[in-house]
Amino acid sequence: TWRHPFLLYHKFTISDNNKRVVMSRLAVVFGGSRGIGRAVSQLLAQRGHRVVVVSRNKEAAQATAESLPGEQHLGLSCDVSKEENIQRAFETVSKTCGTVGYLVNAAGINRDALLLRSKSEDMLSVLHTNLLGSMLTCRGALRNMLSHGGAIVNIGSVVGVKGNSGQCVYSASKAGLEGFTRSLAKEVASRNIRVNLVAPGFIRTDMTTGLEKEEAVRRIPVGRFGEPAEVAQAVLFLLESPYITGQVLLVDGGLQLAL
Ligand code: NDP
């Protein structure tokens with residue numbers, strides 16, 4: 001452990017694999033209990049970061065936090081579509097864990113339907129969870145990051161980049177998140193805060209249960225669905241890359257080339 005004179009709050013560790021110096025951070029992962037967010041939480045914990053796992057289901061968040069390597073992780077309940085929940089979550093984090101260094105927004109839902117058949121309440125749920133929710137968690141984290149810097153990764157979708165019939169609202173939520181990511185990156189770059197977006201293709205999680213059919217797989221150039229850990233790798237790369245901000249990184253096995 002080595003302490004940099006200008007960053008007395010942070011612990012430095014040496015990674016065994018590549019001997020790179022990595023700063024240990026407090027990471028908050030919304031949607032961290034399952035799927036992509038869970039894989040991100042696992043990778044961050046393996047890298048020596050302290051992780052706060054957040055989801056609506058408190059038991060699931062706590063169970064994931066307990067399953068991570070290391071003992072200092074925390075599981076919290078929060079519905080990102082409710083502003084007061086987010087506020088409470090950040091209050092708990094700052095009281096019990098300290099200053100947030102990394103934020104990952106992986107909480108997301110879909111209510112796929114043709115627009116003509118979409119119910120307004122479903123449209124609002126998708127926008128409130130996927131778009132407004134991420135905006136509010138970013139705002140909450142920024143209040144922490146302004147003094148020490150930090151990094152944010154939002155999880156978008158290849159559908160936000162390319163569009164898809166039957167997913168107008170979901171696609172709009174993810175495309176909105178892209179514009180938000182680029183603008184926020186410009187807004188906070190001078191404060192040593194970076195904001196990027198990872199846009200996955202078809203990833204094997206609860207969200208895609210039942211979708212892994214031959215026809216869908218055939219459209220993917222690499223010929224298979226992705227694994228959550230493969231998205232987590234990209235998230236970690238962006239969190240730890242000090243000179244990358246405002247980027248959209250597709251992790252889709254080449255699907256965007258076929259759409
Ligand atoms: P999962 O359904 O497997 O997991 C979603 C996670 O988000 C869970 O932890 C869930 O926990 C949490 N969550 C959902 N709604 C809320 C909410 N309102 N407040 C807080 N937490 C919430 O999804 P994936 O892992 O597949 O998806 C993660 C992200 O990646 C999403 O944003 C999704 O849109 C995006 N994505 C996924 C793709 C895929 O193929 N799987 C492709 C492209 C993008 P709980 O239910 O307990 O709240």
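**Exercise 1.** Find V198 in this predicted model: which strand holds V198, and is V198 buried or exposed?

*Solution.* Start with the secondary structure: V198 sits in strand β8, which covers residues 193–200. Next, count neighbours: V198 has 27 C-beta neighbours inside 10 Å. The cut-off for buried is 20 or more, so V198 counts as buried. Now see who surrounds it. Skipping neighbours within four places in sequence, V198 is in contact with V153, I155, G156, V231, A234, V235, L238, L249 and V251. One last check: V158 is 40 residues away from V198 along the chain, yet their C-alpha atoms are separated by 9.0 Å.

**Exercise 2.** Step back to N192: where does N192 lie, and what is the sign of its phi?

*Solution.* N192 belongs to the loop between α6 (168–188) and β8. Its phi is near 65°, so to speak a positive value in a residue other than glycine. For context, most residues other than glycine have a negative phi. As for exposure, N192 has 14 C-beta neighbours inside 10 Å and therefore counts as partly exposed.

**Exercise 3.** Describe how helix α1 packs against helix α8.

*Solution.* Take the geometry to begin with: α1 (residues 35–46) and α8 (residues 228–240) pack at about 55°, with axes 8 Å apart. That angle makes α1 oblique to α8. The crossing of α1 past α8 is right-handed. Then list the contact: α1 brings G35, I36, R38, A39, V40, L43 and L44, while α8 brings P228, A229, V231, A232, V235 and L236. Finally, sort these residues by type: eleven are nonpolar, one is polar and one is charged.

Conventions: Residues numbered from 1 in each chain as written. Predicted model: local features only at pLDDT ≥ 70, side-chain atom pairs only at ≥ 80, totals over all residues. Helix = DSSP H or I, 4+ residues; strand = E, 2+ residues; numbered from the N terminus. Buried ≥ 20, exposed ≤ 12 C-beta atoms within 10 Å, placed from the backbone. Contact = placed C-beta atoms within 7 Å. Axes fitted to C-alpha atoms, helices over the stretch in contact; angles between N-to-C directions. Parallel < 35°, antiparallel > 145°, perpendicular 65-115°, else oblique. Left-handed = near helix turned anticlockwise from the far one by under 90°. Nonpolar A, V, L, I, M, F, W, Y, C, P; charged D, E, K, R; others polar.
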